[in-house]
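Please open the structure in your viewer and keep the selection tool at hand, since this tour moves from one helix to the next and says what to look for at each stop.

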Amino acid sequence: MLDWKNRTRAGATGADSSHTEPLGQRTLIRLLAVVIGLYLLICLVLGWYWSQEPDGFAVRQTVREAAQASERQLVNGYATVETLKQVAGTLLDKPGGYLSNDIAPPGVWLDNMPSWEYGVLVQVRDLTRALRKDFARSQSQSAEDPDLARGEPLFHFDNNSWALPATESEYREGIRALDRYLARLSDPAPNALFYTRADNLNSWLGDVATRLGSLSQRLSASVGRVRLDPVDAESVAAPGEAAPVREEVVETPWLNIDNVFYEARGQAWALSHLLRAIEVDFADVLAKKNATTSLRQIIRELEAAQAPLWSPMVLNGSGYGVLANHSLVMANYISRANAAIIDLRNLLAQG
């Protein structure tokens, strides 16, 4: 009798456990779904926040405050180098930090901000090279500044390296090299040089014009355009005959349109700040060449290219279609800035 009761209890217990086990699994699955949902929601919010382009900063005020904080003297070149430091530092210290080398969500899912970062980095690299090659040397046979020679290659380090070493560590070391050069430049007995000559400025502006010209072409290719190339670069047309050309349709792939757009935004953001610093350091040269107005026109076009984008995505309508084409609007500002740079270079080249 007791044995039968024990078996009955055991059977009842087994039946209860068979009902409670699926219930526990369902609870675990629901809990896991809630956790994953919350994680994705957090990633979505962070991704939106990290994708916001940094605000600009007042160059003159920032330079003045930085000099006061470090108890340094404002000299020719200080505004340019300090602004270059601030622009490079923005890459690393903006919301979300540096995203181009992220390997985890949400950074790995973002592409607009890494494209913006690359645009800024292009201008940082070009100016650091110009500092090392031209601005800090009196002539072609002069020795390089040691800190600039150390810092310039650091900014050319792979922008996608996650570790060993990380991109951020290399760029921070490059910023420290610029700061060491700046400290020596502003010393009462300086052992660093910065030459505010028209030919030095003209050389760097040539690099800027090349960058903007390429950007304008890439932006215009969002709707497809016909490019004419010579059939053979070595061939010479017979007298009275036109040289043979080849027509090629160039069009940006659909998935790359927003990348080119945000790269242009990044270059415009960085360049507008750097040119405002150039206006400070090269004020005498620009006034002598009657070129100050031309420089300010370039800055105005570049700042207009950074107007807020109210659309949730980069639209790519046809040139005269119903929808806007943001790439063509950006190309317009970039082309106008490039044309103004050509005029500025002509003024600087005049005696």
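In this predicted model, begin by selecting Ala-268, Leu-271, Ser-272, Leu-275, Arg-276 and Glu-279 in helix H8, and then add the residues of helix H10 that they meet, which are Thr-292, Leu-295, Arg-296, Ile-298, Ile-299, Leu-302 and Glu-303. If you colour this contact by residue type, you will find seven nonpolar, two polar and four charged residues.

Next, show H8 as a whole, residues 257–281, and notice that 23 of its 25 residues are buried. At 1.5 Å a residue its expected span is 36 Å, and because the C-alpha atoms at its two ends lie 37 Å apart, the model agrees with that expectation.

Now bring H10, residues 292–304, back beside H8: their axes come within 9 Å and cross at roughly 155 degrees. An angle over 145 degrees counts as roughly antiparallel, and therefore H8 is described as roughly antiparallel to H10. The crossing of these two helices is left-handed.

Which helix should you select after that, with an axis that comes within 9 Å of that of H10? Choose H11, residues 326–349, whose axis crosses that of H10 at roughly 165 degrees, so that this pair too is roughly antiparallel, and here again H10 passes its partner in a left-handed crossing.

To finish, select the contact itself, where residues of H10 including Leu-295, Ile-298 and Leu-302 meet residues of H11, among them Tyr-333, Ile-334 and Leu-344. The residues of this contact divide into eleven nonpolar, two polar and two charged.

How values were computed:
Residues are numbered from 1 along each chain as its sequence is written. This is a predicted model: local features need pLDDT of at least 70, side-chain atom pairs count only at pLDDT 80 or more; totals for chains, interfaces and linings use all residues. Side-chain values use heavy atoms; hydrogens and water are left out. Helices (H or I, at least four residues) and strands (E, at least two) are DSSP runs, numbered from the N terminus. The expected span of a helix is 1.5 Å times one less than its number of residues. Buried means under 20% relative accessible area, exposed over 50%, partly exposed in between (1.4 Å probe, protein chains only). Axes are lines fitted to C-alpha atoms, for helices over the stretch in contact, and angles run from 0 to 180 degrees between N-to-C directions. Angles under 35 degrees count as roughly parallel, over 145 as roughly antiparallel, 65 to 115 as roughly perpendicular and the rest as oblique. A crossing is left-handed if the near helix is turned anticlockwise from the far one by less than a right angle, and right-handed if clockwise. Contact means heavy atoms within 4.5 Å. Ala, Val, Leu, Ile, Met, Phe, Trp, Tyr, Cys and Pro count as nonpolar, Asp, Glu, Lys and Arg as charged, and the others, Gly among them, as polar.
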